[in-house]
Each structure stands twice: as structure tokens, then as C-alpha cells.
Amino acid sequence: MKYSLVFSLAIKEVLIIGNPELRERSSKISDFGESLQEIIEDLKDTLTHLQKTKKIGRALAAPQIGHMKQIIYYGLPKNPFVMVNPEITSRSEEKFWVWDSCFSFDVAFFVEIKRHKEIKIRYQDENGKIHVNEFDDDMSELIQHETDHLHGILATDHLTDGKRIILRQEWEKRFA
Ligand SMILES: [Zn+2]
């Protein structure tokens, strides 16, 4: 008996800075059915592909692949998870400097910007269950970056000094 296995991966094209769709606000999810699960699969497959080919990156927001919905997929090796309808409910006064990039910049350059050190966030998981969590440092800045995407905001919008932009190769020289 012969088996023919077909693995269909849903690798989507990532919208790149300059595309006006990236500036739109995404809508909230109220139906946690099949269409949500399909978008999550698209995000997971696309992020996994990007992590392999670009050798960097931790998360992807649905609007980056053209789904204008409030969904974020975090492809963290030990703990991949999904945030639906995330809302940052408090932000620490304390901020810290981070070098940030984005798949929607094709990870071609990095910007040095300030992010809140700690945040509190309320979100739903892929089944609609509500979670309230606090995050700091690395996770805090990542979540701020991703939730910004749901409101049409990009990391470059946080630049306060145009001199704080470097190419990826320079960033790697300094930090990798
Ligand atoms: Zn991004």
C-alpha cells in the first residue's frame, strides 16, 4: 500500500512598511471558531518559516499577514502561545532602551527606542478564556511591539532620534 502524505503549510506573505494596511486598526474577535483557528495556523506556519529563513524573531501579529484581526502568535520555543484581543491595562512609568526590529522591516534594520519596563495585560487565549498577566523586560517590550501592530503602530513610530537606526549587519556586529 502506498501512502501519499501532503503537508500543506500556510506560509503567507508579510506586509512590509509602506503598505497602508499595516497602519489600519484591527478588529476584535468575538467568534472563536474555525476562522480564528485558521488564522492562528497561518501565523504559526508563517512565523516558523520566517524564524528559519531570517534566523531571528519571536512573534507575529495577524495584520502583518493581512488579517486585520486582534491576534498575536508568540513562537517561543518552550512556550508558544496566542493572544486574542489583548489590552494593556497598565504600564510602568519606568522605561528602558531596546533595539527593536520587525518582520515588516524585513529585519533589515534596527531602531533604538524606549519601551515600558513592566506591563499588565488582559487577553483571551485561542479558546476565549480570559487571562490577566504581568510581564517585564524582554517579554514586556515584545508584547508592546506586537499589540502596537493591532493599532497600526510600528516600532519606527517610537523613534525620538533619527540617529538611532542601524542596519542588521551593524546590530549583529554590536550585539549578536
Ligand atoms: Zn513587528
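**Figure 1. Pairing of strand 5 with strand 8 in the predicted model.** Strand 5, residues 109–116, and strand 8 run antiparallel and are joined by three bridges. One residue pair can be named here: F110 has I166 of strand 8 as its bridge partner.

**Figure 2. The open sheet of three strands.** The strand order is 4-5-8, with antiparallel pairing. Strand 4 (95–100) and strand 8 (165–167) are the edge strands; each has a single partner strand, so one side of each is left without a neighbour in the sheet. Direction ignored, neighbouring strands of this sheet are turned by 30° against each other on average.

**Figure 3. Helix 2 and the sheet.** Helix 2 spans residues 137–149 and packs on the sheet, where it touches strand 4 and strand 5. The direction of helix 2 makes about 105° with that of strand 5.

**Figure 4. Helix 3 across the strands.** Helix 3, residues 168–175, lies across strand 4, strand 5 and strand 8. Relative to strand 8, helix 3 runs at about 90°.

**Figure 5. The largest nonpolar core.** This core holds 29 residues, and those touching the most other members are L43, L60, A62, I71, I72, Y73 and V82. At least two core residues come from each of helix 1 (34–54), strand 1 (59–61), strand 2 (71–74), strand 3 (81–91), strand 5 and strand 6 (118–124). Helix 1 gives the largest share, five residues. In soluble globular proteins, nonpolar side chains tend to be buried together.

**Figure 6. Surroundings of L43.** Leaving aside residues up to four places away in sequence, L43 touches L60, A62, I65, I71 and Y73. Of these partners, L60, A62, I71 and Y73 are, like L43, among the core residues that touch the most other members.

**Figure 7. The whole chain, for orientation of the close-up views.** Three helices and eight strands make up the chain. Their order along the sequence is α-β-β-β-β-β-β-β-α-β-α. The radius of gyration is 17 Å, close to the 16 Å that the globule rule gives for 176 residues, so the chain is as compact as a globular protein of that length. Along the principal axes, the C-alpha atoms fill a box of roughly 60 × 35 × 35 Å. Of the 176 residues, 28% count as buried. Among contacts in the chain with a separation of 6 or more, 67% are between residues 24 or more positions apart.

Notes:
Residues numbered from 1 in each chain as written. Predicted model: local features only at pLDDT ≥ 70, side-chain atom pairs only at ≥ 80, totals over all residues. Helix = DSSP H or I, 4+ residues; strand = E, 2+ residues; numbered from the N terminus. Rg over C-alpha atoms; globule rule 2.2 N^0.38 Å. Buried ≥ 20, exposed ≤ 12 C-beta atoms within 10 Å, placed from the backbone. Contact = placed C-beta atoms within 7 Å. Pairing = 2+ DSSP bridges. Axes fitted to C-alpha atoms, helices over the stretch in contact; angles between N-to-C directions. Core = buried A, V, L, I, M, F, W, Y, C linked by C-beta atoms within 7 Å.
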